[in-house]
Amino acid sequence: MSRSTFCLPLFTRVQLWHLLLVFVALAAWTSTIIPLGEGPDELPHFTVTRYIVQQRRLPDTPDEHEAFQPPLYYLLNAALTFWIDTRDFTVKANADYDPLAHDAPKTLLLHTRAEAFPYQGWALAWHLMRALSIAMGAATIAAIYATALALTGERTFALLSAALVAFLPGYIFMSAVVNNDDLAALLAALLCWRIVLMMQRPISSRESLLIGVLLGLGLLSKTSMLAFVVTISVALLAAARMQHWTWREWLRANALIFGVALIVSGWYFVRNAWLYGDWLAWPLVLAANAVRTHALSASDWLTALAQVYRGFWLEWIGIELDELFYWMLGVFAILAMIGAAWSVMRGAWRARYRVPNGTRTTHHALNSGNAAFLILAFHLLVIFLSWLRWTQTVLGTEQARLFYPALASLILLLAFGLRALHSYLPFALAGTLLVLAAITPLLYFAPTYAPAPRITALPADAQPISATFKDKLRLIGWSTPTAQVRAGDTLQLALYWQALKDLSDDDWLKIQLLDVDDHARIFKDGSPSAGRDSTDSWRHGELIASWHRMPIPDDMPRGVYRLTVGVHPFGRKNWFPIDEENMPIALGDQLILCEVTVE
């Protein structure tokens with residue numbers, strides 16, 4: 001790879017710490033907007049850490065969903081938060097959550113004022129874990145900068161590579177939540193850095209020990225980090241050939257690297273073999289995950305790859321960029337692949353035919369640069385193959401974060417490929433990502449996690465009533481598009497509330513369809529705001545609109561049912577008394593809104 005002279009005047013003044021400062025600011029902002037537990041698998045990552053702190057041991061059953069994961073990330077979080085009392089944490093599932101219905105909330109959990117600033121108890125512990133993830137994200141960016149600098153010797157290229165990570169909305173999102181992929185990305189980036197250096201200079205015993213420690217820690221952070229065993233083995237063979245190692249030097253480097261890695265991580269694999277009869281704890285992996293029951297078709301694979309692509313830039317439940325951005329970023333990705341392929345072929349030709357006035361040093365530098373680049377690309381291939389195998393086994397793997405052990409390879413290929421076509425293309429992509437990163441919290445995150453809408457007056461199509469529940473909240477109106485539904489359809493119900501005081505409790509609403517014998521055929525128990533927020537955030541005098549969805553089972557008997565609503569404190573069934581003169585009340589605590597016919 002030849003040295004580039006391209007540079008933009010403004011970019012010459014940028015330092016790495018500037019990029020890190022922007023990243024930390026964006027990630028911290030994102031972390032305050034994303035409710036606790038709404039990141040990918042964030043809830044079980046938190047509860048595993050909480051289990052370790054409370055039980056003082058690693059979980060070993062699928063009761064803790066992420067128990068099959070290597071423990072380093074959770075041990076670090078436990079060391080950070082062991083002094084905080086989290087016993088009052090309760091999982092409050094959102095009954096109104098629906099990832100497919102556009103008008104349903106996209107929060108898995110119900111979020112109360114216990115999460116509000118100033119953070120205390122379990123919320124404080126959770127935010128400290130998120131802060132650690134942000135720190136890991138910043139360190140990953142620095143490691144990718146170091147890798148790019150070692151690979152090319154160009155500070156500008158290294159800054160551009162770091163910028164492509166620091167401004168990447170999908171990476172900012174993942175760094176703002178609790179997830180062990182953040183640690184895997186950091187250790188993987190550090191390993192890529194040391195592999196590039198290993199290709200350029202004779203490896204010392206100290207360097208071998210360092211790579212061994214990083215590899216061992218990587219194996220304790222994510223099972224997919226096993227790919228580095230293959231990548232490092234290939235890198236050692238390439239370095240030995242290029243630098244003319246003796247067999248003894250090659251064997252010593254292998255023994256130090258893999259021996260130290262085994263010392264650091266071996267206990268975990270021995271534990272797995274002892275507990276589960278498999279060094280990867282495969283029985284626990286299968287028990288904790290939804291396993292595929294049929295082979296994927298070509299269409300399934302294309303869909304999975306498309307989701308990985310979109311997730312790399314940013315996509316999660318209820319969060320996705322406008323389609324124009326995905327197409328625009330796709331153009332950059334295609335150009336990068338074309339540029340990388342063209343540059344590698346050109347580089348291979350130059351390595352085969354020495355430049356006329358080139359020295360031996362120049363020839364070796366060219367070979368080492370090409371070899372390091374190809375090894376990083378090879379590592380990406382190994383991660384891709386492991387992802388294929390994992391996707392064939394379990395559901396829910398269509399996520400870009402599973403490629404974070406190859407994040408350094410992805411970013412460097414992206415930056416190098418774009419630069420190979422035109423020196424300004426990486427700047428264009430970095431600028432586009434910066435704009436996206438700046439608008440994402442307000443344009444994409446905030447609307448997804450917005451509270452229930454506050455209104456100024458009852459809509460014209462609503463049926464006005466005045467039903468007071470324990471002098472705390474009043475139902476002032478309701479409406480439903482139809483009182484006739486078919487089995488398998490969804491009953492829609494709009495409710496309009498007024499807070500009679502500043503509420504401090506988390507009260508729940510139960511909606512039921514009662515048969516002629518007052519038996520609840522179906523019911524939904526959750527937030528009166530239909531999962532948008534909790535009542536302890538309601539302030540005196542506010543009018544709150546909520547839209548509830550109640551699926552009617554396919555086997556629901558035909559007939560006429562009474563649609564009722566009742567309010568009770570979370571976790572208790574002492575129903576609030578109802579003050580309403582003009583509407584009937586069932587069972588003494590359920591307000592009857594109307595009759596619903598199931599056809």
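Which side chain of opposite charge is nearest to Arg50, and how far away is it? The question concerns a single residue in a predicted model, and before turning to that residue it helps to look at the protein as a whole.

The chain has 599 residues, of which 54% count as buried, and its secondary structure comprises 16 helices and 14 strands. Computed along the principal axes only in the sense of a calculation on the model, the C-alpha trace spans about 100 × 55 × 50 Å. When contacts with a separation of 6 or more are considered, 76% of them are accounted for by residues 24 or more positions apart. On the outside, the protein exposes about 26,700 Å², and carbon and sulfur atoms supply 62% of that area. The protein carries 45 positive and 47 negative charges, and the mean positions of these two sets are 16 Å apart.

In the interior, the largest nonpolar core contains 137 residues, and the members that touch the most others are Phe23, Tyr171, Phe228, Ile232, Trp313, Leu321 and Leu429. The element that gives the most to this core is helix α4, which covers residues 121-152 and provides 15 residues. Apart from this core lies another, made up of 35 residues that include Ile465, Val485, Ile552 and Leu563. Returning to the largest core, one may follow Leu321, which, once its neighbours within four places in sequence are set aside, is in contact with Trp313, Leu314, Tyr326 and Leu329, and also with Leu436, Thr440 and Tyr444.

The opening question can now be taken up. Arg50 belongs to helix α2, which runs through residues 42-55, and this arginine is buried yet has no salt bridge. The nearest side chain of opposite charge is that of Glu64, which is 6.3 Å away from Arg50, whereas a salt bridge, as the term is used here, requires a side-chain nitrogen of Lys or Arg within 4 Å of a carboxyl oxygen of Asp or Glu. Leaving aside neighbours within four places in sequence, the residues in contact with Arg50 are Thr86, Arg87 and Phe89.

A last stop is Phe523, a residue of strand β9, which spans residues 520-526. Not counting residues up to four places away in sequence, Phe523 touches Lys510, Ile511 and Gln512, together with Met550. Phe523 can also be set beside Asp98, since the two are 425 residues apart in sequence, while their C-alpha atoms are 16 Å apart in space.

Methods
Residues numbered from 1 in each chain as written. Predicted model: local features only at pLDDT ≥ 70, side-chain atom pairs only at ≥ 80, totals over all residues. Heavy atoms only, no water. Helix = DSSP H or I, 4+ residues; strand = E, 2+ residues; numbered from the N terminus. Buried < 20%, exposed > 50% of the residue type's maximum accessible area, 1.4 Å probe, protein only. Contact = heavy atoms within 4.5 Å. Areas by Shrake-Rupley, 256 points an atom, 1.4 Å probe, with all protein chains shown as cover. Lys, Arg positive; Asp, Glu negative; His and termini not counted. Charge placed at Lys NZ, Arg CZ, Asp CG, Glu CD. Core = buried A, V, L, I, M, F, W, Y, C linked by side-chain atoms within 4.5 Å.
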